[in-house]
Amino acid sequence: EIEKAVETIIAGATTRIDVGKVNDRIFLNNASLGLYPRIVRQREILQRQGWGKWLAFVRASLSTIARYAPLRAQLKTERHGDINQKTPFVFIGNNEYLIEGSNLGQRKRLDAGSLWVYRATQTTRLQLLWLFVAQVSGMGRGRQLKVFDTRQLQIEAPEPYLEIGLDGEVVRLATPLAIEILPSALQVVIPATAD
């Protein structure tokens with residue numbers, strides 16, 4: 001709301017939050033590889049053909065999952081070593097995302113100084129659908145979803161470029177992808193009463 005935004009600008013407090021960085025590109029929320037960038041590309045095509053955003057997203061999701069090829073990537077971290085795996089997706093959050101039930105997609109902190117990496121093991125389409133249902137319904141993470149936190153991550157792939165979703169915008173970046181958290185890099189204005 002405009003009035004509350006102006007009030008926050010005038011009377012609000014400032015704080016600093018983390019941002020993520022992939023190669024030379026900044027992201028505020030998340031970066032994703034694999035299924036999500038493909039879904040977004042397909043959704044954009046459908047929207048240009050006249051489909052509404054949500055219907056286009058549903059159709060693009062079903063179409064992409066029906067014919068998805070796993071992402072071949074090697075994830076390298078100092079704490080967790082090298083992870084070689086085919087996977088439907090890798091999701092990198094700027095700080096920890098809640099991944100179960102009604103709080104799905106929310107974050108408690110924006111200043112904890114960590115990247116959180118969520119990746120699926122190589123799964124069938126049915127297992128992938130079940131993973132989604134389990135997360136949304138709050139039934140638990142299950143064996144197909146692996147999660148870890150890190151301050152830096154490198155992703156290598158056989159391809160010279162990978163499509164990656166950065167805060168919902170799909171871009172092509174040269175591999176390897178160098179991903180890091182930049183603690184307290186962005187100053188923001190928040191309501192004076194905010195926690």
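This section describes the sheet, the nonpolar core, one buried loop residue and the salt bridges of a predicted model.

An open sheet of six strands is present, in the order E2-E1-E12-E9-E4-E5, and its pairing is antiparallel. Strand E2 (25-27) and strand E5 (81-87) form the edges, each pairing on one side only. Averaged over the sheet and with direction ignored, neighbouring strands are turned by 30° against each other. At one edge, strand E1 (residues 13-22) is joined to E2 by three bridges, and the two strands run antiparallel. Within this pair, Lys-21 of E1 is placed opposite Ile-26 in E2. At the other edge, E4 and E5 also run antiparallel, with seven bridges between them. Here Leu-75 stands opposite Ile-83 in E5. Three residues lie between E4 and E5, and the two strands form a hairpin.

The largest nonpolar core comprises 24 residues, and Ile-92 and Ile-155 are those with the most contacts inside it. Two or more residues are given to this core by each of strand E3 (30-34), strand E4 (71-77), strand E6 (89-94), strand E7 (115-120), strand E9 (152-156), strand E10 (161-166), strand E11 (169-174) and strand E12 (177-190). The surroundings of Ile-92 were examined with residues up to four places away in sequence left out. On this basis, Ile-92 touches Phe-27, Asn-29, Asn-30, Ala-31 and Leu-33, as well as Leu-115, Trp-116 and Val-117. Leu-153, Ile-155 and Ile-179 are also among the residues that Ile-92 touches.

A residue outside the strands was also considered: Ser-114 is located in the loop between E6 and E7. Ser-114 has a relative accessible area of 14%, and because this value is under 20%, the residue counts as buried. When neighbours within four places in sequence are set aside, Ser-114 is in contact with Gly-93, Asn-94 and Asn-95, and also with Asp-18, Asp-149, Thr-150 and Ile-181.

Side chains of opposite charge can pair when their charged atoms come close. Seven salt bridges are found in the structure. One of them is formed by the side chains of Glu-169 and Arg-25, with an N to O distance of 3.8 Å. Glu-169 belongs to strand E11 and Arg-25 to strand E2, so this pair ties together parts that are 144 residues apart in sequence. Both partners are partly exposed, Glu-169 at 45% relative accessibility and Arg-25 with a relative accessible area of 30%.

A salt bridge also links Glu-159 and Arg-72, whose closest N and O atoms are 3.5 Å apart. Because Glu-159 lies in the loop between E9 and E10 while Arg-72 lies in strand E4, the pair connects parts that are 87 residues apart in sequence. Glu-159 is partly exposed, with a relative accessible area of 29%, and Arg-72 is likewise partly exposed, with a value of 42%.

Strand E4 also contributes Lys-76, which forms a salt bridge with Glu-156, the closest N and O atoms being 3.3 Å apart. Glu-156 is part of strand E9, so the pair ties together parts that are 80 residues apart in sequence. Lys-76 counts as partly exposed at 29% relative accessibility, as does Glu-156 at 26%. In addition, Arg-41, Glu-44 and Glu-163 are joined into one network by salt bridges that share partners.

Notes:
Residues are numbered from 1 along each chain as its sequence is written. This is a predicted model: local features need pLDDT of at least 70, side-chain atom pairs count only at pLDDT 80 or more; totals for chains, interfaces and linings use all residues. Side-chain values use heavy atoms; hydrogens and water are left out. A nonpolar core is a set of buried Ala, Val, Leu, Ile, Met, Phe, Trp, Tyr and Cys residues joined through side-chain atoms within 4.5 Å. Buried means under 20% relative accessible area, exposed over 50%, partly exposed in between (1.4 Å probe, protein chains only). Helices (H or I, at least four residues) and strands (E, at least two) are DSSP runs, numbered from the N terminus. Contact means heavy atoms within 4.5 Å. Two strands pair if DSSP finds at least two bridges between them. Axes are lines fitted to C-alpha atoms, for helices over the stretch in contact, and angles run from 0 to 180 degrees between N-to-C directions. A salt bridge is a side-chain nitrogen of Lys or Arg within 4 Å of a carboxyl oxygen of Asp or Glu.
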